[in-house]
Every structure is written in structure tokens, then in C-alpha cells.
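Me: I've got this model open and want a quick tour of the sheets and helices. Can you walk me through it?

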Amino acid sequence: MHVTQVRVARPTDQLRQVERFYCEGLGLTKIGSFTGRGYEGLLIGLPTATYHLEFTQHKDGSPCPAPTEDNLIVFYIPNQQQIDTIIKRLGELGYNTVPPENPYWEKEGKTIEDPDGWRVVLMHTAGI
């Protein structure tokens, strides 16, 4: 299979708070946005990457509670100072770490819930 791009998309009814969490807090970049057919959305990621996150909000509401505490987006960040900086920024925005459901993420990672309760792990390793 030849894939040129990957997008992970989910609805929210807190689009501005989600943008603030992922851009101001995590430090990702808003790489696009759109409106139409009753939807407003934004694309967030790393400008040179072939993957990104999409968040959409419908004019009639787009409630999207997180299904479980183990639905995660994991960012592998080998630099502990970067993780500490992100944790501090998110804390200043009102988002603090939470204990992970799966203890595997606790040893090298920090878990934080986004405005919709979806969890993000900042993992202090180089990845797989």
C-alpha cells in the first residue's frame, strides 16, 4: 500500500479550546482550517509531516466524549526538557497531568487530558 498522507479526525464542540491546547500548549502548528456545510474545522500538526490531526465542529454541536481513558495520542519526545516545558505551558493553561489507565505509560511518560477528555501522552523515549 502506498500512502501519501495520514489524517486522524474527530469532532469536538470546543474547537477554540482544542486549538489552544494543541497549538499553544503542546506547541503544534495550525496548518489549515475550513468552513462549509455547517462545519468548521482545523488541521493541526507539524508543517513538514505527512500526518496531522483534524478537529471539526458542527453548527448544531459535535459532542465527542472520549470513549475511555486509554484512547491516546502518544508523542515520543526524547528531550526531557521539551517535555517539562510543554507540561509547564499546559499547566498554565489549566491542564495538569493525570494518572494513565495503563501503567506502562507512567514509567517514561506524562499523560494530560485535552478539553474533550481525550488523553495525550508525552513519552520520554525515541519511539519504537
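Reply: Sure, one term to start: two strands pair if DSSP finds at least two bridges between them. Helices (H or I, at least four residues) and strands (E, at least two) are DSSP runs, numbered from the N terminus. This is a predicted model, where local features need pLDDT of at least 70, side-chain atom pairs count only at pLDDT 80 or more, and totals for chains, interfaces and linings use all residues. Residues are numbered from 1 along each chain as its sequence is written, and side-chain values use heavy atoms, with hydrogens and water left out.

Me: OK, so in β8, what's the bridge partner of Phe75?

Reply: Leu122 is the β8 partner of Phe75. Next to that, Tyr76 is bridged to Met123 of β8. Strands β5 and β8 (residues 119–123) run parallel and are joined by five bridges.

Me: And which way does β7 pair with β8?

Reply: Antiparallel, over five bridges, with β7 covering residues 109–113. Gly109 has Met123 as its bridge partner in β8. The two strands form a hairpin with five residues between them, and Gly117 in that turn has a positive phi of about 90 degrees.

Me: What's the strand order in that sheet?

Reply: It goes β5-β8-β7-β6, an open sheet of four strands with mixed pairing. The edges are β5 (72–76) and β6 (97–98), each pairing on one side only.

Me: Is β8 buried or exposed?

Reply: Mostly covered: five of its five residues are buried, meaning under 20% relative accessible area (exposed is over 50%, partly exposed in between, with a 1.4 Å probe and protein chains only). Arg119, Val121 and Met123 point one way, Val120 and Leu122 the other. In a regular strand the side chains alternate between the two faces of the sheet.

Me: Does UniProt say anything here? What's at residues 70–124?

Reply: An unreviewed UniProt entry places "domain: YycE-like C-terminal" there. UniProt positions are in the numbering used here, feature names are shortened, and annotations may be inferred rather than shown by experiment. In the model, that span is 33% helix and 31% strand, and its end C-alpha atoms lie 18 Å apart.

Me: Switching to the other sheet. Which strands are at its edges?

Reply: The order is β1-β4-β3-β2, open and mixed again. β1 (6–11) and β2 (29–36) are at the edges with a single partner strand each, so one side of each has no neighbour in the sheet. β1 and β4 run parallel, joined by six bridges, and Arg7 is bridged to His52 of β4.

Me: There's a Glu54 in β4. Why does Glu54 count as buried?

Reply: Because its relative accessibility is 11%. Among the residues Glu54 touches are Arg7, Arg10, Phe34 and Leu42, not counting residues up to four places away in sequence; contact means heavy atoms within 4.5 Å.

Me: Last one: how do α1 and α2 pack?

Reply: Helix α1 (residues 15–25) and helix α2 (residues 80–92) pack at about 145 degrees, axes 9 Å apart. Axes are lines fitted to C-alpha atoms, for helices over the stretch in contact, and angles run from 0 to 180 degrees between N-to-C directions. Phe21, Glu24 and Gly25 of α1 meet Ile86, Arg89 and Leu90 of α2.

Me: Which residues of α1 are buried?

Reply: Leu15, Val18, Glu19, Phe21, Tyr22, Cys23 and Gly25. Just after α1, Gly27 has a positive phi of about 95 degrees.
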